[in-house]
Amino acid sequence: MIFFINANMQKNKSGIEHAELKRADLFRHHQTAFKVLLRDWSPTLHQDLADSSLSDDEVINLFDYFQGTEKVNGQVVSPRSVDLGCSVDFYEDDPANNRLLAFQRVPDIQGGAAKQKLLARINYFADSKPRRVRSTELFDAFGNLYAVDFYDTRGFVSMTQWYSPDNKIANETWQTLDGRPVIEAFHKFNAIGEQSLSSWRLCDPDGSIRIFDNLDQLYKHFLDLINAAYFSPKEANIFILDRSDLGDWALTELKQPAYTALHLHNLQTVNPNDEQHALLNNHYEYSLWQANSYDAIISATAKQSHDIQARFKPQVPCFTIPVGVIPDAHFQSQTIKMAQRQPHSVIALARIAPEKQLDQLVKAIAIAQKQVPDITLDLYGYRDASNNYEAYREIVAVIKENQLEKQVHVHEYTTRGNQIEQQAQVFAVTSAMEGFNLSLMEGLAQGDVGLTYDVNYGPNELVVDGKNGCILPYGDYQALAEKLVWLFQNPDQLQQMSDQAYDLSQRYSEKQVWQAWSALFDDAKRSWPAKLAVYRPAVTDGLGEQGEKI
Amino acid sequence: MFYFVSENIFSFNSGTEFSQAKRVQLFNAKGQQAFYVARDYNPSFHQSAKQLDLPDDQLLNMYDYFQNALSVTRRQIPVRFARTIPKRDYHIDGIDANYSLIKSHGRIIARATIAPLTVGLMGNMIYYDRFGNTVATDYWDWRGFKSSTQYFHPDGQPGPQIFFDPAGRKVMEVIRMNISGQLFPTMYRLFNYHGRDWRFDSENDLFIFFMNEILSQQSESSVIINDRPSMIGAVAHIHGAMAKFQYLHDGHTVDSDNPLRGRLSDVLTPLFTADAPAFTGVITATEAQRKILARRFPKMAFYCAPDTFVPQQLLQTRPRSLTGRRLHHLIYFGRLSEEKHPEQAIYALSAIRKKIPDASLEFRGYASSADFLASLKKIVADKDLSDAVVFADYALGPVLWQSLDQAQMVIQTSTGEGFSMSLIEAMAHGLPAAAYHANFGPDVIIQNGENGFLVKNGSYADLAAAVVKVFQDHALWQHLSAGAYQTAHRYDADSVWRAWQQSGVLSDER
């Protein structure tokens, strides 16, 4: 079995999740089984999965695994159907806070007016129609909030947070459908009196109970169980580490042999222009020191593979496997000529984040606009909140400064990328660095002409200078502006490059990418007998109560 | 159907539990189905019940009921072979007969406590975080299943507790939070009981619900006899019983010498005031107490029925003469608690030894507190009696019987009693008794010069004199011992059952 290691498959996906989804599509298309192993608890996971191309069967979430909730027939729990253990005398709707308050009337012993006692605050998912319960804040008869039950979107209590008398979270428990806690997390004081999450306890449904200091250790145990469950002498389990912080040490310490691959989704250093000497990217530092402890290192571009080999000289193979895959069906569809698109249109699909430097793109537009007055720029992407939306604020400032309100539009993240790319002429990238840039690959595949700074990794490989676009000196938005003007003033050149953009996309066809994966599978196959030869399974004979086999 | 109600069965029981347990046995032996009902959670409940010879089908523990564990075949889970402890990952470091430490890579992650009175069987598992905080304790039922998990608040006080059925499903929860700044159990929750969840604000509220459920499932008419004064309020609120009684195992006033006008003991006050209408009547062990109560509370009904019986097995054993016994050896037998004044037995011994220098005293019973036991030991040391006084362990059955068979006399120093069951039990072993003439019981059991001596309440000098008289006169001892055996025979099962039948408690025409 092939496993992809990740934390979550949330609604707002980053490049890593998109890469996994594309890989999943490719594997599925080639009848190659895989499972995405997710570490984090998410009550909306299965709703998010339903909205993605993954099926429940293709994902094993750590919490689901122990809770026995990998497959659950969903039901809608409506706020008024929550069983609070007693009759509710009246409800008070509080739609502004997406909640319903449940009360009991308590007769006054002195004969005065009845008092009302809050039983629970029943919170529902903000956008749910009909309303579905998200959580219940539960109160005892003495007014203490003693627990909050969190519901999975499939309609069962998945997790409970237990409160201390001083109204802090004391313990958290994750339970089976019949309420048995299987995973517990404890918030305790340390030796200097600070409260923190000090311990996890796993009450495995098999009856064994284990203590872990942190979720990483629990995830390691989970990986061992998964590796054991799918272990076969015929074939190595392949673990692809898509987020190094989730298993960079765990994969090197698995109890049973497996084939492990470190997948780089980003630059390995902090300086994209000095890959041979710069300080290592914090995310990859440990795994690069451990590089020889894995079986393979995967990069999305040949350039990155080359840099890794040149600098670290790992004794394990480096595979170049694009993280983007252009489905076969795409190559059958009609190409769209530049003349049929919105004239002089530039787009960028990227997070509105500082490292994307989109303000420089807007500056380039300001310059180009002087010679191409009808030039437009449309930006699509999540707004990064860091430093109070600094990146977004800077873009807006440049627009204002140059009075580009008519030409430049900043949109939200879009799921209509393909349509937008089909209507645009130029796809521009001004990032300081990239791990690959799936959006650029897709834009080129839709015939957009690519313009990018010369940055690692991805843009300067996806764009082949002078063929499907142009590579410009890093940070030179003046040159970018000149290139835009040149392209829009030379429609033949523009069309030629667009044609090449379509053609060069073949580099990322299913066939090409599958071949790259096959090389890794072959390596796993080749190295497996040697791994098996030195593996001694654990003793099972003679360990039972009467000396029997266990 | 009879339900005899109390809190629990302990590893060290008081007379109340013994009396209740014996009554359960007597009624069942006489064809009247009766249950020992207990409110409290106790993972060793069935072990303790077994020590009192109570079979599972005569037990009704509230937690058992909601945990679907009224009748579970016992499985012995040795700590060393418990699935709970994955031995491929952890070391089990046996420290002593009481516990083992569970270690992971050298760090203690848990402590396995051995179930009491077992060899190496799972009792409870206490789990620790890396700072040594206890994060959870799993309690294992003596019958071999994980019965509950106790969590803790960050300050170390007990927090929520989750209860499981033998199949591991969550069935109950107890929440512990603050009421006016102090930690209490503030909620009892039942899950999926009869298809829905339930919540109760106190354990007694849950108990009332529990008993109402039991009674509503019962087609026969039901009679409840409450044995524990602390549960009067709860029993008062139970619906559906044909009759409800309170059995008094003790005197009813603070000053036992003033039962007619003295202040009622606090715990019994509700029985005679607010809760009185809820009870059909009150049962006393002695006619004397019954009469006084009837005078004091003319509107209430009072009954008298015996507190105990002597098992046939004991009555059939051959009387033991003085030859098999340890001469001049006294036994004090019962709980060592303040109100029973065991210190006065030491004072009496001191006086006795002036005449009979080799007189000795054996305390047989558990102490109400370690402090109190220490205070008794200090008196013994101060009086230079360390060689003459032994504090023996609480014992039941053969161990206790052997002890009683070897003594020469039983001494009792209570200044107030409900009956004095221990005197009957001692007499079943041929022991003459020396006791204070206190309310209620001793004068029903002891006939001066026939099976022992009653002396002025509180006068240990008189007590000592009576003992000296018996110790100095073997013929007298022989006469009293024979009388003691005879007295015990008056409390054989048949006689006691007849007394119950004639008491009016069982009769329908109350």
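## Helix packing, domains and chain contact

Three residues of α9(B), Pro342(B), Glu343(B) and Ile346(B), meet Leu376(B), Ile379(B) and Val380(B) of α10(B). This contact comprises five nonpolar residues, no polar ones and one charged residue. The model is predicted.

How do the two helix axes run? Helix α9 of chain B covers residues 342-355, and helix α10 of chain B covers residues 370-382. Their axes come within 10 Å and cross at roughly 10°. Angles under 35 degrees count as roughly parallel. α9(B) and α10(B) are therefore roughly parallel to each other.

**Chain B as a whole**

Chain B holds 16 helices and 23 strands. Its radius of gyration is 25 Å, close to the 24 Å from the globule rule for 510 residues, so chain B is as compact as a globular protein of that length. Along the principal axes, the C-alpha atoms of chain B fill a box of roughly 70 × 60 × 45 Å. Of the 510 residues in chain B, 47% are buried. Take the contacts in chain B with a separation of 6 or more: 57% of them join residues 24 or more positions apart.

**Domains**

The domain assignment gives these bounds for the two chains.

| Chain | Domain 1 | Domain 2 | Domain 3 |
|---|---|---|---|
| Chain B | residues 2-64 + 205-304 | residues 79-201 | residues 312-491 |
| Chain A | residues 2-73 + 218-320 | residues 79-216 | residues 329-507 |

In chain B, consider domain 1 and domain 3. Their C-alpha centres lie 28 Å apart. Domain 1 of chain B brings 17 residues to the contact, and domain 3 of chain B brings 16 residues. Which helices supply the domain 1 side in chain B? Both α1 (15-29) and α7 (287-296) of chain B supply at least two residues each to the side that touches domain 3 of chain B. The largest share of that side, three residues, comes from α1(B). By class, this side of domain 1 of chain B has six nonpolar, nine polar and two charged residues.

In chain A, consider domain 1 and domain 2. Their C-alpha centres lie 34 Å apart. Here 16 residues of domain 1 of chain A are in contact with 22 residues of domain 2 of chain A. On the domain 1 side, the elements giving two or more residues are α2 (45-50), α3 (62-67) and α4 (215-229) of chain A. α4(A) gives the most to this side, with four residues. The domain 1 side in chain A divides into seven nonpolar, seven polar and two charged residues.

**Between the chains**

How many residues does each chain bring to the contact of chain A with chain B? Chain A gives 37 residues and chain B gives 41 residues. On the chain A side, the elements with two or more residues are the strands β10 (169-175), β11 (181-189), β12 (195-203) and β13 (209-212) of chain A. β11(A) supplies the largest share of the side that touches chain B, six residues. This side of chain A has 14 nonpolar, 12 polar and 11 charged residues.

Terms used: Residues are numbered from 1 along each chain as its sequence is written. Chains are lettered from A and ligands numbered from 1 in the order in which they are written. This is a predicted model: local features need pLDDT of at least 70, side-chain atom pairs count only at pLDDT 80 or more; totals for chains, interfaces and linings use all residues. The radius of gyration is taken over C-alpha atoms; the globule rule is 2.2 Å times the number of residues to the power 0.38. A residue is buried if 20 or more other C-beta atoms lie within 10 Å of its own, exposed if 12 or fewer, and partly exposed in between; C-beta atoms are placed from the backbone. Two residues are in contact if their C-beta atoms, placed from the backbone, lie within 7 Å. Domain bounds come from an automatic or database domain assignment. Ala, Val, Leu, Ile, Met, Phe, Trp, Tyr, Cys and Pro count as nonpolar, Asp, Glu, Lys and Arg as charged, and the others, Gly among them, as polar. Axes are lines fitted to C-alpha atoms, for helices over the stretch in contact, and angles run from 0 to 180 degrees between N-to-C directions. Angles under 35 degrees count as roughly parallel, over 145 as roughly antiparallel, 65 to 115 as roughly perpendicular and the rest as oblique.
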